[in-house]
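Biologist: Could you take me through this model step by step, so that I can follow how each answer is reached?

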Amino acid sequence: MSGIELLNMVSDIGSMMIECGAEIYRAEETIDRITLAYGYSAEVFIIPTSLIITINSAGTPLTKAMRIKARHTNLDRVDKLNNLSRFICVQKPDAAEINRHIEAIRQRSVYGFTLKLISYYAVGGTFAIFFGGGFMDAVFAGVAAVLIILMEMAIERVRPSTFFRCVVCSLMTASLAIVVTRLGLTESFDKIIIGASMTMVPGITITNCMRDFIAGDFLAGLYTLTEAIIVAVGMAIGSVSAIAVLTV
């Protein structure tokens, strides 16, 4: 395998791992192991928004930089990419075969729209009960959680910032909770807000932040920590704004 082919291949694998929610150290170690398997050495620098890889090919350094514009959670693809990296290190297939595997992983199906709605409803309702809400609180928390995912899909076309998305979704959630409480359908709006908002809590982001700090990737850890704080602030601003306006 030529150095250019190897560079393009490990760049695709590394960027896809980060896009799907893998830890920084996992992506870097995967790239290192693959390049070593083919007899090359690599220098890898990854943060959640970009990836830079340099490999030495016959004494000539080859570098590729990629911008990671969007990240989401897809642990199925992370698992498949982990398996693929182990297969590559053992079997050392050619570039064409590896690219076929990468494309197959990229085309793997994700959860359907209906299942996402059901999952959001279940999460919102369950957490409302968990935090002390009643049956009607759980019902409307589930509805609010469904509205969150619908709103996220609607505004995704304009590629909003994480902060803006959280403000809009939490504002809508709190407004719904206060309105149904004013109508006498529930007794307290706070349980509805808490239950529905749990679908926006950046749990995996915080987990990866701690793992990055433990692994010594402080720059990546600071980035993800900042992102988690921005999400929390956006949720707070949206909820407080609705409460301030609708409860006066």
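Biologist: In which helix is the place of Thr173?

Modeller: This is a predicted model, and the assignment follows from the residue ranges of its helices. Residues 162-182 make up one helix, and Thr173 has its place there. The helix asked for is H7.

Biologist: Is Thr173 buried or exposed?

Modeller: Among the residues that Thr173 touches, leaving out those up to four places away in sequence, are Ala144, Ile148, Ile193 and Ala196. The relative accessibility of Thr173 is 1%, and the cut-off for a buried residue is under 20%. Because its value is 1%, Thr173 counts as buried.

Biologist: What is the order of the three strands in the open sheet?

Modeller: The three strands form an open sheet with antiparallel pairing. Strand S1 (42-47) and strand S3 (60-67) are the edge strands, since each pairs on one side only. The order is therefore S1-S2-S3.

Biologist: Which residue in S2 is the bridge partner of Ala42?

Modeller: Strand S2 covers residues 50-57 and pairs with S1 in the antiparallel sense over six bridges. For Ala42, the bridge partner in S2 is Ile55.

Biologist: How many helices does the chain have?

Modeller: Read along the sequence, the pattern is α-α-β-β-β-α-α-α-α-α-α-α-α, in which each α stands for a helix and each β for a strand. Alongside three strands, the number of helices in the chain is 10.

Methods: Residues are numbered from 1 along each chain as its sequence is written. This is a predicted model: local features need pLDDT of at least 70, side-chain atom pairs count only at pLDDT 80 or more; totals for chains, interfaces and linings use all residues. Side-chain values use heavy atoms; hydrogens and water are left out. Two strands pair if DSSP finds at least two bridges between them. Helices (H or I, at least four residues) and strands (E, at least two) are DSSP runs, numbered from the N terminus. Buried means under 20% relative accessible area, exposed over 50%, partly exposed in between (1.4 Å probe, protein chains only). Contact means heavy atoms within 4.5 Å.
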